[in-house]
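Good morning, colleagues. I would like to take a few minutes to go through one model with you. Please look at the display as I speak.

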Amino acid sequence: MTRKIWFLSALVLFAILAGTLLWRSRQDTPVAGGKHVLVIGDQRGGAQALLKAAGELDHVPYQIRWALFPAASPLLEALDAQAVDVGGIGAAPFAFAYAGGAKIKAIAAYRPPQAQAGRASAIVVPQGSPIRRVADLKGKRLATIRGSAGQDLALKLLAKAGLQPTDVQWVYLANGEAKAALASGSIDAWSTWGSYVGIAVLEDGDRILADGSAVSTGVVFFAASDAAIADKAALLADFTARLTRARAWGQSHPDDYARVLAAETGIPFKVARFSAASALGSAVPIDAQLIREQRAIFERYRAAGIIPALPDIEGGYLSSFNP
């Protein structure tokens with residue numbers, strides 16, 4: 001294992017431990033932070049970077065506390081535990097957590113541009129891998145995070161190639177672990193997204209086997225705990241409005257956003273520019289049509305055995321915070 005991979009693995013492990021300790025320390029708080037404090041769960045380079053770049057963190061009439069998490073899974077656990085009030089979550093991990101009984105609801109949605117978002121979600125393999133088509137994954141070890149956007153993408157690409165979910169060996173690893181495993185040869189492929197794809201391709205020389213360009217990449221949600229929705233509706237409404245304005249700003253200032261993103265995360269500007277293009281998008285209303293779209297994720301997960309049954313899907317999405 002190279003020094004770079006060892007360092008990345010250690011960094012990810014530290015982030016996971018820090019994030020876990022953060023939300024566990026707040027489990028006994030009925031509503032995180034108090035009535036006039038909004039505790040926002042985020043991933044590095046996420047909403048905070050965008051809002052800061054757009055100037056939307058200036059003159060906020062309430063206190064914001066940021067809680068950083070290494071991935072969607074611990075963020076969702078923190079939401080369910082009322083350790084944070086709201087956080088950005090992909091449609092697939094939200095569906096996985098909600099189907100598992102998490103007391104959360106999606107309150108805002110945005111749709112990244114299909115072309116950029118499609119390229120930023122991919123199954124990657126080592127450059128010299130004999131795997132040339134998705135169909136070649138049959139019997140191979142495919143790593144991803146259980147219930148994540150990476151797994152949902154893999155399920156869609158496998159179906160498109162005529163394969164069943166059981167045709168591959170699923171290996172559930174955090175992104176940092178999967179990156180190291182791919183380099184060491186202990187897995188054959190890795191389904192991931194965002195800057196992980198950019199680093200794999202632009203820095204590590206890995207090859208994209210297939211990306212999300214040919215399948216719908218869906219939407220991204222901001223989800224809030226049931227407790228925060230009950231007690232902090234005005235703060236949540238203001239926050240989602242700021243996000244909507246920030247995304248509109250980011251679309252016309254992609255390089256400015258990428259520079260802030262690079263500074264916040266420490267990734268090279270070219271990787272930040274790649275990630276920024278996929279992260280920006282337009283706000284879309286949570287309505288009956290969008291909920292029907294989400295049903296397909298739940299049905300894919302049930303068919304693959306990832307969730308045991310369909311929940312009350314309509315109950316997981318609120319339209320009252322639509323811009």
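Directly after helix α4 comes G101, with a positive phi near 100°. I should say at once that this model is predicted, so every angle and contact I mention is computed from a prediction.

Let me stay with α4, which spans residues 91-99. Is this helix mostly covered or mostly open? It is mostly covered, with seven of its nine residues buried. The buried positions are A91, A92, P93, F94, A95, A97 and Y98. What do they pack against? Their partners are the helices α3, α6 (149-160) and α13, together with the strands β3, β4 and β10.

F94 deserves a closer look. Leaving aside residues up to four places away in sequence, F94 touches L76, I89, I104, K105, A106, A223, G316 and Y317. In the largest nonpolar core, which has 37 residues, F94 is among those with the most contacts inside the core, along with F221 and Y317. At least two residues of this core come from each of β1, α3, α4, β4, β10 and α13 (288-303). Which element gives the largest share? That is α4, with six residues. A second core, separate from this one, contains 36 residues, including A53, L243, A262 and F321.

I turn now to the sheet. It is open and has six strands, in the order β2-β1-β3-β10-β4-β11, and the pairing is mixed. At the edges are β2 (63-68) and β11 (282-284), each of which pairs on one side only. On average, neighbouring strands are turned by 30° against each other, direction ignored.

At the β2 end of that order, β1 (residues 37-42) and β2 run parallel and are joined by six bridges. Within this pair, G41 stands opposite A67 of β2.

Two helices that pack on the sheet complete the picture. Helix α3, residues 72-80, touches β1, β3 (86-90), β4 (104-111) and β10 (220-225), and its direction makes about 140° with that of β3. Helix α4 touches β3, β4 and β10, and its direction makes about 110° with that of β3.

To close, I return to the helix with which we began: α4 packs on the sheet, has seven of its nine residues buried, and supplies the largest share of the 37-residue core. Thank you for your attention.

Notes: Residues numbered from 1 in each chain as written. Predicted model: local features only at pLDDT ≥ 70, side-chain atom pairs only at ≥ 80, totals over all residues. Heavy atoms only, no water. Pairing = 2+ DSSP bridges. Helix = DSSP H or I, 4+ residues; strand = E, 2+ residues; numbered from the N terminus. Axes fitted to C-alpha atoms, helices over the stretch in contact; angles between N-to-C directions. Contact = heavy atoms within 4.5 Å. Core = buried A, V, L, I, M, F, W, Y, C linked by side-chain atoms within 4.5 Å. Buried < 20%, exposed > 50% of the residue type's maximum accessible area, 1.4 Å probe, protein only.
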